[in-house]
Amino acid sequence: MNRFKYCYGAKNWARERGVGGALIMSVMASPLPNRCNFFLERKKRFCKMMVGKGQRFCGEHANAAEGGSSRRIICPLDPKHTVAEDKLEKHLKKCNSRQKPKPIYYVENINAGPDDGDEGLPQVSLSERSWSELELLLEKLKKASEGLQCEVEDNFLSHPALQEELVNPKNGDPAHKHLKQQASILGHLDELGLLRRGRCFVEFGAGRGKLSHWIHEALKNNGDLKGSEDLQLLLVERSSIRFKVDGKHQDAGVQFERLQVDIEHLDLSKVPLLQDKKFPLVGVGKHLCGAATDLALRCLLETSRLRDPETEPPQKRLKPSEPAAEATPGDSGACSGASVSPVLGLAVALCCHHRCEWRHFVGRQFFLERGLGAAEFSAFCRMSSWATCGVRAANQDYSSHHSTNQERAEEEHEPLDETDTMNKFLSAVEREKIGRLCKRLIDSGRCHFLKSQGFSSRLTCYTDQGVTLENVLLTAVPSSSSS
């Protein structure tokens, strides 16, 4: 009956659009040739996965066949997929989630930050705190925020490389929102003089690699094009991602390389690509979630530059618009040895402050100078979710055709929902204001770290809140070039 209703609805849909209803019904009422015969009740259609020769069901639905030779079980390495029980041993040897040999650039916890035991403190949720405890925290927050620039200016930019896609009617609303963010990030890179050839762009938390893709698109048609040898794109992503754009760049001649490693364990000074031509670096990231921002800042500006000062001269700090000098064999300057090239700047879209961790946080000194420690940091991180959780539900408009990786990313970016018990103490407007203040305090700690590394930083609202609630971009360039 359900299948009949679905086919009847499909027929009406076809009639309204001038499509042959009989053709639509025949397709919907029976599986496609050489495709799985399993009917998906939720999607009201047959599974479209290919089947083996002589089989009626795909591997995922093989247990639906009567008298199946083996039942399906959840893979012990990754619960997101299943495997035939009698083929488990063979599957474990080739599963994408299996533990692989560590690459040369993997150095455990190199970017994790100092382990002083504070992470072992008991985590207290906001719902478990009394009103007097909450008042004390709010007083500390107000005092620590004195003198900080808590209002972030709007600067919505775009870039010509994405104009055609931005007006393409085939892009749905979610895709259009991502394009607007990517266009604005490229616009900010261009405004800072960072969107040039002769450098290596390192995209942290790359996902499918769309930001790097558009950076390449923006630079490949540049009038100053010398060839494909003066540009490198390095993508860093810890997960195995589907639908990557990497394949579009295999024949482009540009060095477009992906590292599957957690930023926490990445030593840039040991990445072979960066030792090849020694291009100066530009760090980028779109929605670098929580602690990943701190790990990326430390990876880019601190741990990769640890070296013996007596044996290696200090690096020359290049201006963003200054062309990179060609590295010559035997050169013992800034790019020699195990160190990496100078960093020209960065542009990172921030998000998910509630996922920050004290050990990884680069602004610890900033907090300590204000009499704040791990306990207050943990509380402020939780409060930071108030900035978005009150309005996120009203703004969620996710399309049903999102990819698996996109859905997983959205789940990871969900805020902590601890507002119910706070309703009797604070209004929604007050909670949102406090949440934004917590975010700015955490971000100010990051700016303090960048200043200590010789960089001038800035926080900017790079797109409208209707596009994304997490609309703040952190940019930085060497202090000598920001004047």
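# Exercises on burial, salt bridges and a cavity

Glu376 is buried, with a relative accessible area of 13%. The model behind these exercises is predicted.

**Exercise 1.** State how many helices and strands the protein has, and what share of its residues is buried.

Solution. Step one is the count of elements: the protein has 15 helices and 11 strands. Step two is burial: 46% of the 483 residues count as buried. Step three concerns contacts with a separation of 6 or more: 71% of them are between residues 24 or more positions apart.

**Exercise 2.** Find the partner of Lys140 in a salt bridge, and say which parts of the chain the pair ties together.

Solution. Begin with the partner: Lys140 forms a salt bridge with Glu376, at 2.8 Å from N to O. Next, place the two residues: Lys140 is in helix H4 (residues 131-144) and Glu376 is in helix H11 (residues 374-384), so the salt bridge ties together parts 236 residues apart in sequence. Then compare each residue with the cut-offs. Buried means under 20% relative accessible area, and partly exposed lies between that and 50%. Glu376 has 13% and is therefore buried. Lys140 has 29% relative accessibility, so Lys140 counts as partly exposed.

**Exercise 3.** For the salt bridges of Lys44 and of Arg196, name the partner and classify both residues of each pair as buried, partly exposed or exposed.

Solution. Take Lys44 to start with. Its salt bridge is with Glu41, and the closest N and O atoms are 2.8 Å apart. Lys44 has a relative accessible area of 25%, so Lys44 is partly exposed. Glu41, at 41% relative accessibility, also counts as partly exposed. Now take Arg196. Its salt bridge is with Asp190, with 3.1 Å between the closest N and O atoms. Arg196 is at 32% relative accessibility and counts as partly exposed. Asp190 is at 33% and counts as partly exposed. These pairs are part of a longer list, as the whole structure has 15 salt bridges.

**Exercise 4.** Describe the place of His178 and its link to Lys286.

Solution. The place of His178 is in helix H6 (residues 173-191). With 26% relative accessibility, His178 counts as partly exposed. Along the chain, His178 and Lys286 are 108 residues apart, while their C-alpha atoms are separated by 9.5 Å. The side chains of the two residues make a polar contact at 2.9 Å.

**Exercise 5.** Describe the largest cavity: its volume, its lining and the helix that gives the largest share of that lining.

Solution. Rolling a probe the size of a water molecule over the atoms shows where empty space is left. In this structure there is 1 cavity of 30 Å³ or more. The volume of the largest cavity is about 60 Å³. Its lining includes Leu350, His353, Thr388, Leu469, Glu470, Asn471 and Val472. Also among the lining residues are Arg436, Lys439, Arg440 and Asp443. Helix H14 (residues 428-452) contributes the largest share, 4 residues. Sorted by class, the lining has 3 nonpolar, 3 polar and 5 charged residues.

**Exercise 6.** Find which residues are linked with Arg440 in a network of salt bridges, and look for members of the network in the cavity lining.

Solution. The network links Arg440 with Asp294, Asp443 and Arg446. Turning to the lining of the largest cavity, Arg440 and Asp443 are among its residues.

Terms used
Residues numbered from 1 in each chain as written. Predicted model: local features only at pLDDT ≥ 70, side-chain atom pairs only at ≥ 80, totals over all residues. Heavy atoms only, no water. 1 Å grid on protein atoms, 1.4 Å probe; cavity = no way out; pocket = protein on both sides within 12 Å on 5 of 7 lines; lining within 4 Å. Points joined across faces, edges and corners; volume = space filled by probe spheres on them. Nonpolar A, V, L, I, M, F, W, Y, C, P; charged D, E, K, R; others polar. Buried < 20%, exposed > 50% of the residue type's maximum accessible area, 1.4 Å probe, protein only. Polar contact = N/O pair within 3.5 Å; in protein donor to acceptor, adjacent residues only side chain to side chain. Salt bridge = Lys/Arg side-chain N within 4 Å of Asp/Glu carboxyl O. Contact = heavy atoms within 4.5 Å.
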